[in-house]
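Visitor: I'm new to this. Could you walk me through what I'm looking at?
Guide: Sure, let's bring it up and start asking.

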Amino acid sequence: MSSETGTELRASDAALIDRIMQRDQTALAALYDRYAGMLSSVLIRILRDRQTAEEILQDIFFQLWSAPSRFDPGRGSLPAWLMVIARNRAISQLRRHNPAAGEPLVEAAAISTINLESAASQQQLLGRVKGALENLPPEQRAAVEFAYFDGLTHSEIAKRTGDPLGTVKTRLRSAVETLRRTLHSAAGSTT
Amino acid sequence: MNAHPTREEDFDLYALGALEGDERLAIETHVVSCADCARKLAEAHGRIALLALAAPPSEPSAGVKQRLMQQVRRDAERSSALPASPGVPARTSGRPSRETPRSSEPFGRWWAAVLVPVGAVLAVATVLLWTDNRQLDRQLAGLRSAVEQQQQQLQEAREAADMIESHDTVTIALAQQPGMPAGAAHVMYNARMGMLMYDGEIAPAPAAKSYQLWLVPEGGKPISAGVFNPVGGRTDHWMMKLPQGIAAKEFAVSLEPAGGMPQPTGPMVLIGRA
């Protein structure tokens, strides 16, 4: 759901980031309207806790306000960068509750050419990503979801599912090979 | 520089978070010195990020944006170097107003003149009560969270006291290494309990760097005990939990890229033998 005005609907992410650098609060509000729903969905899916998810969501946008220069438009799209941050923050939060799980995630550079500045392009890409996942064999899809949404490594997935480690590695590698092709073409179609 | 990853999908597996141990480390150490692979890894992060879109749609509560913009307003007001805050946009929606059209028929009846204001007052009261209820819910959630936090702190304090009093807890002094920033620290460690407490003083880490504390076991690779950036140089009673039963050979503090590394890559600033 968006409450962006017509002018802000047309403003590019890069232009809105420039305005945030000039301390324009309406630009932050516009980016929030554009991407909060998308980020909220992934945070709630990972954390299964709306309150914590919303605290992290607010913090991500406040960080964007506080240090907009951390995003480099020359290196790719803002939503991809925000999604990497949101997922890393959520997985780190999960691991804080279970310190034995996994290794620490650090903020990573993300290069992507996707353009999700309009609700239509978000819907279009969403359909393609869902389609890409649904076309995977169920066990491959489950392995990808364990890794992405639950932050599990190969051996943690093997432990969770009871499958041999080698099987899990093969499944995930096959899934990733397929996703590389389909997500690459999906991303390309929204630029 | 170690070898390039043999398969392109290794970058995606890394971005997915599935790799661990040596596989993960091999990519992390390689991309530090290979710009081409660092770019491929960033592309993989961008590609894998798209999976977020597969999450079931869930809009945040309206209060999140309200709280965010209040936070932003406070931040803008605090900053004396900035021009007067432009404030939150007066609009809350870009859509045209959806006010219900008023009836063109005049209120000719006496009861309408009474009931309309009463209705308006009731509507306002309902909204105020609803708002109060929401505020109380939030306060209750905040109090619950504070109680849980205090219980956790109490539990940690009990565990720390147990560790300090335990006969098998050892104290190791960590000494400054030649050519490194001035500093000294000590670690209390109990292998049976898997607990460690760090106290020390060290020069603040340079920009984009963090200090990282390592437990070096008798056999095997160093184990990260945590990343820290001491404010004012001092770190007091920093408690950490580690896997239980690991015999320590030594403890060390290294200087690493901000956020820390899976294995030490930077210079050792402090070292102490157990």
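Visitor: How do you know what span is expected for helix α7 of chain A, and what does it reach?
Guide: The expected span is 1.5 Å times one less than the number of residues. With 13 residues (138–150), α7(A) should span 18 Å, and it reaches 17 Å from its first C-alpha to its last, close to that value. Helices here are DSSP runs of H or I with at least four residues, strands are E runs with at least two, and both are numbered from the N terminus. By the way, this is a predicted model, where local features need pLDDT of at least 70, side-chain atom pairs count only at pLDDT 80 or more, and totals for chains, interfaces and linings use all residues. Residues are numbered from 1 along each chain as its sequence is written, while chains are lettered from A and ligands numbered from 1 in the order in which they are written.

Visitor: What makes a residue of α7(A) buried, and which ones are?
Guide: Buried takes 20 or more other C-beta atoms within 10 Å of its own, with C-beta atoms placed from the backbone; 12 or fewer is exposed, and in between is partly exposed. Among those that pass are Gln140(A), Val144(A) and Phe149(A). Just after the helix, Gly151(A) has a positive phi of about 70 degrees.

Visitor: And what share of chain B is buried?
Guide: Buried residues make up 24% of its 274 residues.

Visitor: What makes up the secondary structure of chain B?
Guide: Five helices and eight strands. From the N terminus on, the order is α-α-α-α-α-β-β-β-β-β-β-β-β.
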